[in-house]
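Biologist: Please take me through this model, and for each label that you use, set the value against the rule behind it.

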Amino acid sequence: MENTDKTAWETLRHQLRNLEGGSYREYKGIKGDYAFPDFTLSVDYVQGDPFAAPSRIRIHLPQSVAQFPSQWITDYVCQCAIADYLTRQVARVAKKLAQKRGSGKSGKIEIAVPSQAILRRSALWIDKSGVEVRLTVGLPAFGRRIAGKAAAALLCEDIPALVAHSLRYEAIDSDALEQHVHTLEDAEALRNQLEENGLIAFIAANACLPRRSGVDERPLETNAAAFIPPSQDITELETPHSGRVEGLGIRAGVTLIVGGGYHGKSTLLRAIEQGIYNHVPGDGRQQVVTNATTVKLRAEDGRSVSGVDISPVINHLPQGRSSQNFSTANASGSTSQAAGLIEAVEAGAKVLLIDEDTAATNLMIRDRNMQALIAKEKEPITPFIDKVRQLYSDHGISTVLVMGGSGDYFEVADHVIALDNYIAHAVTAQAKAIAADYPCDRNAEGGQHFGTLTQRHLQLPSFDTGRKPAKVKTQSLTTLAIGQADIDLRGIEQLVEANQVRAIAHAILTWQQQNRSHPLQNLLDDIMSWINRRDFDALTPYPMADLSEFRRHELAAVINRLRSLRIIADK
């Protein structure tokens, strides 16, 4: 159904009112496009039941009405910032407008909920042609009978009010919008200066690093200590809007973060881990930035591993098992972390983050006493302490480690940072002096080089049942179902939105249709460049409102956890 008449919206209101008391399925007749005085409303999907997934609508508001400054809507960084700001504005206004109008989800107006990160999302985009917003609405009903008058109020009164209060430049807080844009531009400027200054991360002075909880990424509001960088080792970087910014610059190489318990070591590492994203004003981490290829590693007991060459760190497995083409459906802590390390490097990581609290101890360290008791020929694991230096010298890959229990790492570290109540101190000289006075007397077990890093050829599994396309289900950052395949995401710690998970799943579904093998690097390159050229709609059979941008590293991590992933032997 298509309506192009200038009174199409009045026709829609009349049609909805006439549906009062009818069967819920009669709502199907309203699918189509409706020209309102200032915008176009498209009803793309109508739910079949008031308790089912809500209906999907799109709104297009032309720039002749929206009136956003022309210099902002032609620059990609500004477009991302404005779209992110407007998404949050729409969410706030929609929450105020939505009201219970019957059974089930009747009356709900929702947009995909954003995280603390500024990301490109399919829910809303802005350019020189206008603003497009994708929403879900619960078409009103009482029981399974249409509440037509309430539906008319929802689509013909609430939606225009939503547009007027959240999508027109004149109706929003222009100062807050400008701050959103400037925050993103400053963060991008900081990140762009990392490499030229020999840095892999930067944490601005007075940043608020603690979060409210493990499941709430908003900043801690009370008793949150501001981050204080080392007074004797301040790094200064330039920004276009905040001027010169002082902070802690973490240099390339091997860096240890040490300190007593509860003094901020893991909190600092978490902020560095999330510094791959730009954050909203007020988050506290707006000027915490990290090399864009940074990957956090951890042990993941029970994860599947497919054809990974873990021989640089684990070799000579008992019973003649190969570690050069290692596969298992139930990895141990050490083999899962070893596989994660090799997989991250294969996907292009140049910085690795490890927290001893979530690492496999036997992969991280083998002290002198253990070496004396268990001969090297009986131990297939080469501890990371003997490989971390080679990883940097051979391959240029830096590592940041949180260490509270093993001073042996002092000998291999380039930089040591001590945290004392969120105050950072540069203690490299002291740590090196201690290592000289109290040598660990270990036997280095890593050889002269890190080892061979191989590229795998893989074939994505088919998720289709033959009857209909596989469905994607995810409601959190920890679980994903594609068809009948369940993927455990708990070890992928740098995902921040379930919408990223959903987008990754659709990318995998799109490429599995090719039914051929790919070198992993090529597969990642192809998918990411495809999305950059064509945006999210290229991945889905219809426009979706709940997809967010993701990195190649999280895409690779999900692919590597597919239990039916096929590795193709080199010809």
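Modeller: Let me start with a hairpin, in which three residues join β12 to β13. This is a predicted model, in which local features need pLDDT of at least 70 and side-chain atom pairs count only at pLDDT 80 or more, while totals for chains, interfaces and linings use all residues. Residues are numbered from 1 along each chain as its sequence is written, and side-chain values use heavy atoms, with hydrogens and water left out. Strands are DSSP runs of E with at least two residues, helices are runs of H or I with at least four, and both are numbered from the N terminus.

Biologist: What makes β12 and β13 a pair?

Modeller: Two strands pair if DSSP finds at least two bridges between them. Five bridges join β12 to β13 (residues 243–251), and the two run antiparallel, so the rule is met. One of the contacts is that of Leu-237, whose bridge partner in β13 is Val-245.

Biologist: Which residues of β12 lie on its covered face, and which on the uncovered one?

Modeller: In β12 (residues 235–239), Thr-235, Leu-237 and Thr-239 make up the covered face, whereas Glu-236 and Glu-238 are on the uncovered one. In a regular strand the side chains alternate between the two faces of the sheet.

Biologist: In the loop between β11 and β12 sits Asn-223; is Asn-223 buried or exposed, and how do you know?

Modeller: Buried means under 20% relative accessible area, exposed means over 50%, and partly exposed is in between, with a 1.4 Å probe and protein chains only. Asn-223 has 79% relative accessibility and therefore counts as exposed. Its phi is positive, about 60°, although Asn-223 is not a glycine. Most residues other than glycine have a negative phi.

Biologist: Which class does Asp-535 fall into, and why?

Modeller: Asp-535 has a relative accessible area of 30%, so it is called partly exposed. Asp-535 lies in the loop between α13 (520–534) and α14 (552–560), and its phi, near 65°, is likewise positive in a residue other than glycine.

Biologist: How do you know that Arg-58 and Asp-44 form a salt bridge?

Modeller: A salt bridge needs a side-chain nitrogen of Lys or Arg within 4 Å of a carboxyl oxygen of Asp or Glu. Between Arg-58 and Asp-44 the N to O distance is 2.6 Å, so the pair qualifies. It links distant parts of the chain, with Arg-58 in strand β3 (residues 55–62) and Asp-44 in strand β2 (residues 40–45), 14 residues apart. Arg-58, at 22% relative accessibility, counts as partly exposed, and so does Asp-44, at 25%.

Biologist: What does the salt bridge of Arg-251 and Asp-233 tie together?

Modeller: Their side chains meet at 3.1 Å, N to O. Arg-251 lies in strand β13 and Asp-233 in the loop between β11 and β12, so the pair ties together parts that are 18 residues apart in sequence. By contrast with the buried class, Arg-251 is partly exposed, at 33% relative accessible area.

Biologist: Are Arg-285 and Asp-283 buried or exposed?

Modeller: Both are buried, and they form a salt bridge whose closest N and O atoms are 2.7 Å apart. They also belong to a network of salt bridges, whose members include Arg-211, Glu-217 and Glu-493. The whole structure holds 36 salt bridges.

Biologist: What makes β24 and β26 edge strands?

Modeller: The open sheet has three strands in the order β24-β25-β26, with antiparallel pairing. Its edge strands, β24 and β26 (485–488), each pair on one side only. Two bridges join β24 to β25 (residues 479–482), and one contact is that of Lys-473 with Ala-481 in β25.

Biologist: Is Lys-473 buried or exposed, and why?

Modeller: Lys-473, which is in β24 (residues 472–473), counts as exposed because its relative accessibility is 58%. On the surface, Lys-473 gathers with Arg-467, Lys-468 and Lys-471 in a patch of positive charge.

Key. Patches are made of residues with over 30% relative accessible area and no salt bridge: like charges are joined within 9 Å, nonpolar side chains (Val, Leu, Ile, Met, Phe, Trp, Tyr) within 5 Å. Accessible areas come from the Shrake-Rupley method with a 1.4 Å probe; for residues, only the protein chains shown count as cover. Lys and Arg count as positive and Asp and Glu as negative; His and the chain ends are not counted. The place of a charge is taken as NZ of Lys, CZ of Arg, CG of Asp or CD of Glu.
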